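Trainee: I would like to go through this structure and ask how each description is justified.
Mentor: Then put the structure up, and we will take the descriptions one by one.

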Amino acid sequence: MESLELNTSGKIVVNGPQTAKGDIYISGSKNAVLPIMAACLLTDEKITLDNVPDLADVSTMIDILESAGKVVDRIEDKLIITSTSLEDFEIPYEPVRKMRASFNVFGPLTIKMKKAKVALPGGCSIGVRPVNFHLEGLKKLGIESKIEHGFALSKFNGAEKEVNISLKFPSVGATEHIITTATLIYGTKTIISNCAMEPEISDLIDFLNAMGADIIGKNTSTITINGVDKLHGLNYRVIPDRIEAGTYAIMGALIGDNLTIHNICYDDLRILFSTFDDIGINYELNKEEKTLKISKIKNNNLNNVILKTEPYPGFPTDLQPQISVLLSLIKGKSTITETIFKSRFNHIDELNRMGANIRLEDNTAIIDGVDKLTGAPIEATDLRASAALLIAGLLAEGETIISNVDHIFRGYEKLEEKLNKMGLKMTYID
Ligand code: UD1
């Protein structure tokens, strides 16, 4: 649910090569907090969320909750969500257009209000992104929906005592949407198989169970939800963002000088570390203290890899553009096959403009390592591509101007401040 087109013209200018040193702290997870916020619609009691990143997507979800009658206050990294009851069951196109995760309020709103009207998300720069798995799952839960004038309209007809939903693909959003919705269907046992198992789903389950839900099967591909009649308020701390952490880890492997990254959750990033091991990248990981110390690779004795993006615990599609930059500087031939969003390769042409040697065959990028990248004017198309191009600009020789870069603020909290703390310089032009 990332990477919608933003009509913005922001540019980042960087001069390379630069070196990243010192300490950096990973923020709360964007992809965990968004479905958790959608689930807040299920209770009228007060919820306080801690470790909430200050990102454009979180502001969009705040707008959605407010348009449904919630009152949301932000105090530093806390969100305090209150209401006495939900007022509106219609969510307009504007917020949903900005962020597909907005659609995850459709099921919870329907259960609370017995009906809902939520704009359907549109197209997106990383490929076709339908919501058919969401709607098919909700239908089994007794939510009848139809599409009219760009909106999904629903009516809750009541669910059977036992509902079995087998997802055709382990979609993250559909898994979260169905779990959340089923939580408050009292008396119904819902069994979802072929679920996605991303850490953000486990965080959502922890959050819902702490609210009084009865959900079994966390971290597995089959999840059972025994619907309860009420969920209560709570204080909850959101997990750290593994994609932000992975992005800075890759940056550290390219331009780090003993860069220390804090709040790293090793388990959530196992696949990235095993990829680093395969390549031959050195790093120091302290699992107890949750820190990673990493320095720039020396371009010898490194191995090529054959990577494939897959649902968790496989290699995350959200780190594919960033790892492409790393692989473009390892001598020999590496490949990355993208299986989640098959056309998520908009960054490749831009990297080639900077001197990389990457060609595409269907959904596989074939990367021939080069010695260096050189600065160039380039264009970002989505959130993670923006991050990849920023890393490329920081390591390339000379000036890089990344246009259409505002996507990056959807996923990287306090970007400029964090870069400055690492001794990195960028200029943002509105
Ligand atoms: C979530 C993440 C996003 C990540 C993606 C895959 C959030 C807010 N976003 O997005 O950062 O890149 O997981 O890890 O958590 N699909 C359908 N029909 C559906 C739903 C999905 O065909 O109803 C397809 C999609 O087009 C895509 C694949 O399934 O090809 C995976 O999508 P999904 O796992 O649902 O990703 P999101 O939840 O949108």
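Trainee: Where is R74 found in this predicted model?
Mentor: R74 is found in strand β4.

Trainee: What makes R74 partly exposed?
Mentor: Its relative accessible area is 29%. Buried means under 20% and exposed means over 50%, with partly exposed in between. The value of 29% lies in between, so R74 is called partly exposed.

Trainee: Which residues does R74 touch?
Mentor: Not counting residues up to four places away in sequence, R74 touches V52, P53, D54, V58 and L79. Contact here means heavy atoms within 4.5 Å.

Trainee: How far is R74 from L153?
Mentor: Their C-alpha atoms are separated by 31 Å, and the two residues are 79 apart along the chain.

Trainee: Which sheet contains β4?
Mentor: An open sheet of four strands, in the order β4-β5-β3-β14, with mixed pairing.

Trainee: Why are β4 and β14 said to stand at the edges?
Mentor: β4 (71-75) and β14 (234-237) each have a single partner strand, so one side of each is left without a neighbour in the sheet. From one strand to the next, the twist averages 15 degrees.

Trainee: How do you know that β3 and β14 pair?
Mentor: Two strands pair if there are at least two bridges between them. Strand β3 (residues 47-50) and β14 have four bridges, in the parallel sense, so the requirement is met. Within this pair, L49 stands opposite Y236 in β14.

Trainee: Which helix lies across β3 and β14?
Mentor: Helix α7 (residues 199-210) does, running at about 165 degrees to β14. Angles over 145 degrees count as roughly antiparallel, so α7 is roughly antiparallel to β14.

Trainee: Which strands form the sheet that includes β10?
Mentor: Four strands form an open sheet in the order β10-β11-β13-β12, and the pairing is mixed. The edge strands are β10 and β12 (214-216), each pairing on one side only. Here the twist averages 15 degrees from one strand to the next.

Trainee: Which helix packs on that sheet?
Mentor: Helix α6 (residues 172-183) packs on it, touching β10, β11, β12 and β13 (223-226). The direction of α6 makes about 25 degrees with that of β13. Angles under 35 degrees count as roughly parallel, so that word applies to α6 and β13.

Trainee: How do you know that β10 and β11 pair?
Mentor: Strand β10 and strand β11 (residues 189-193) have five bridges in the parallel sense, and at least two are needed, so they count as a pair. In this pair I165 stands opposite I192 in β11.

Trainee: What makes the side chains of β10 alternate?
Mentor: In a regular strand the side chains alternate between the two faces of the sheet. Along β10 (residues 162-166), V163 and I165 point to one face and are buried. E162, N164 and S166 point to the other face and are not buried.

Trainee: Why is α9 called roughly parallel to α10?
Mentor: Helix α9 (residues 270-279) and helix α10 (residues 320-327) pack at an angle of about 10 degrees, with their axes 13 Å apart. The limit for roughly parallel is under 35 degrees, so the term fits α9 and α10.

Trainee: Which residues meet there?
Mentor: L272, T275, F276 and I279 in α9 meet I323, L326 and L327 in α10. These divide into six nonpolar, one polar and no charged.

Trainee: Which residues does the "binding site" annotation cover?
Mentor: The UniProt annotation, from an unreviewed entry, covers R100, D318 and I340. R100 is found in the loop between α3 (93-98) and α4 (106-113), and D318 in the loop between β18 (306-308) and α10.

Trainee: Why are R100 and D318 called buried?
Mentor: R100 has 4% relative accessibility and D318 has a relative accessible area of 11%. Buried means under 20%, so the word applies to R100 and to D318.

Trainee: What makes R242 buried?
Mentor: R242, in helix α8 (residues 242-255), has a relative accessible area of 9%, under the 20% limit, so R242 is buried. Residues that R242 touches include E198, D268 and Y312.

Note on methods: Residues numbered from 1 in each chain as written. Predicted model: local features only at pLDDT ≥ 70, side-chain atom pairs only at ≥ 80, totals over all residues. Heavy atoms only, no water. Axes fitted to C-alpha atoms, helices over the stretch in contact; angles between N-to-C directions. Parallel < 35°, antiparallel > 145°, perpendicular 65-115°, else oblique. Nonpolar A, V, L, I, M, F, W, Y, C, P; charged D, E, K, R; others polar. UniProt positions renumbered as here; feature names shortened; annotations may be inferred. Buried < 20%, exposed > 50% of the residue type's maximum accessible area, 1.4 Å probe, protein only.
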